[in-house]
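Here are my notes on this model, as numbered points. Please read them with the structure open.

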Amino acid sequence: MIIYKDILTGDELVTDSFKPELVDGLFYKFMGKHTTMKDGVEESMIGGNASAEVADEDVEENVVHGVDIVLANRLKELPGVDKKTYMGLFKIWAKSMVTHFTENEPDKLPELKERLVTLQKAVKALWVAKDTFQVYQGEKGTSEGMFTLLGYTESDDTPYMLFFKDGLIEEKC
């Protein structure tokens, strides 16, 4: 399995279990689905059986509904982000990426700068075509990390997430 981590924060953003598709060499598109997850222990999964002698305890389980990619990776939503706000966040992220590459991989900096310009144009085009996305970031929720986009296909309302390729490091498990 490959875990895709934010290059700036180290947050685990997504895994290859969601079948990534590289789009235009700029970002990965991961298809998701709506799901329900329960917090708590499922005793049948660990070989536990309810005792016939003890009455069932009414234990409240925390049930969460959402997109599987978001829930599985504990991504945090930034509510109410529109195109203008997102482009501002994108510029902050791009600046952090340039700083990171300047300090850690200066030989790759010119190529990164070119791709960031191309990526910025692609992101603007996405917002024009779609007009609405939900914006998420990694579990730490820092302003330096990648701001990912959650959208829905027009044909069948299937959720998908977009992650910028240059902002990810792949870790094999």
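**Sheets, helices and a pocket**

1. This is a predicted model. Start with the six-stranded sheet: it is open, its strands run in the order β3-β4-β10-β9-β8-β7, and the pairing is antiparallel. The edges are taken by β3 (20-23) and β7. Each has a single partner strand, so one side of each is left without a neighbour in the sheet. From one strand to the next, the twist averages 35°.

2. Look next at the β7 edge. Here β7 pairs with β8 in the antiparallel sense, over three bridges. K76 stands opposite Q137 in β8.

3. Which strands does α2 touch on the sheet? They are β7, β8, β9 and β10. The direction of α2 makes about 35° with that of β10.

4. Helix α2 itself covers residues 83-104, 22 in number. From first C-alpha to last, the helix reaches 31 Å. That is close to the 32 Å expected at 1.5 Å a residue.

5. Which residues of α2 are buried? They are Y86, M87, L89, F90, W93, A94, S96, M97, H100 and F101. Much of this spacing can be read against helix geometry. An α-helix has 3.6 residues a turn, so residues three or four places apart point the same way. The buried residues of α2 pack against β7 (76-78), β8 (134-137), β9 (148-152) and β10 (159-164), and also against α3 (109-130).

6. Now α3. This helix lies across β4 (27-31), β8, β9 and β10. Its direction runs at about 160° to β10.

7. There is also a three-stranded sheet. This one is open too, with the order β2-β1-β11 and antiparallel pairing. Why is one side of β2 (12-15) and of β11 left without a neighbour in the sheet? Both strands stand at the edges, each with a single partner strand. Neighbouring strands here are turned by 30° against each other on average, direction ignored.

8. Within this sheet, β1 (residues 2-6) and β2 pair over three bridges, in the antiparallel sense. K5 stands opposite E12 in β2.

9. Last, the second largest pocket. Its volume is about 220 Å³. The lining consists of I7, Y28, F101, E105, K108, E111, R115, K165, D166, L168 and E170. Two elements, α3 and β11 (168-172), give two or more residues to this lining. F101 deserves a second look: this residue is among the buried residues of α2, and F101 also lines the pocket.

Conventions
Residues are numbered from 1 along each chain as its sequence is written. This is a predicted model: local features need pLDDT of at least 70, side-chain atom pairs count only at pLDDT 80 or more; totals for chains, interfaces and linings use all residues. Side-chain values use heavy atoms; hydrogens and water are left out. Helices (H or I, at least four residues) and strands (E, at least two) are DSSP runs, numbered from the N terminus. The expected span of a helix is 1.5 Å times one less than its number of residues. Buried means under 20% relative accessible area, exposed over 50%, partly exposed in between (1.4 Å probe, protein chains only). Contact means heavy atoms within 4.5 Å. Two strands pair if DSSP finds at least two bridges between them. Axes are lines fitted to C-alpha atoms, for helices over the stretch in contact, and angles run from 0 to 180 degrees between N-to-C directions. On a 1 Å grid over the protein atoms alone, a cavity is a set of points where a 1.4 Å probe fits but cannot get out, and a pocket is an open set with protein on both sides within 12 Å along at least five of seven lines; lining residues have an atom within 4 Å of a point. Grid points are joined across faces, edges and corners, and a volume is the space filled by probe spheres set on the points.
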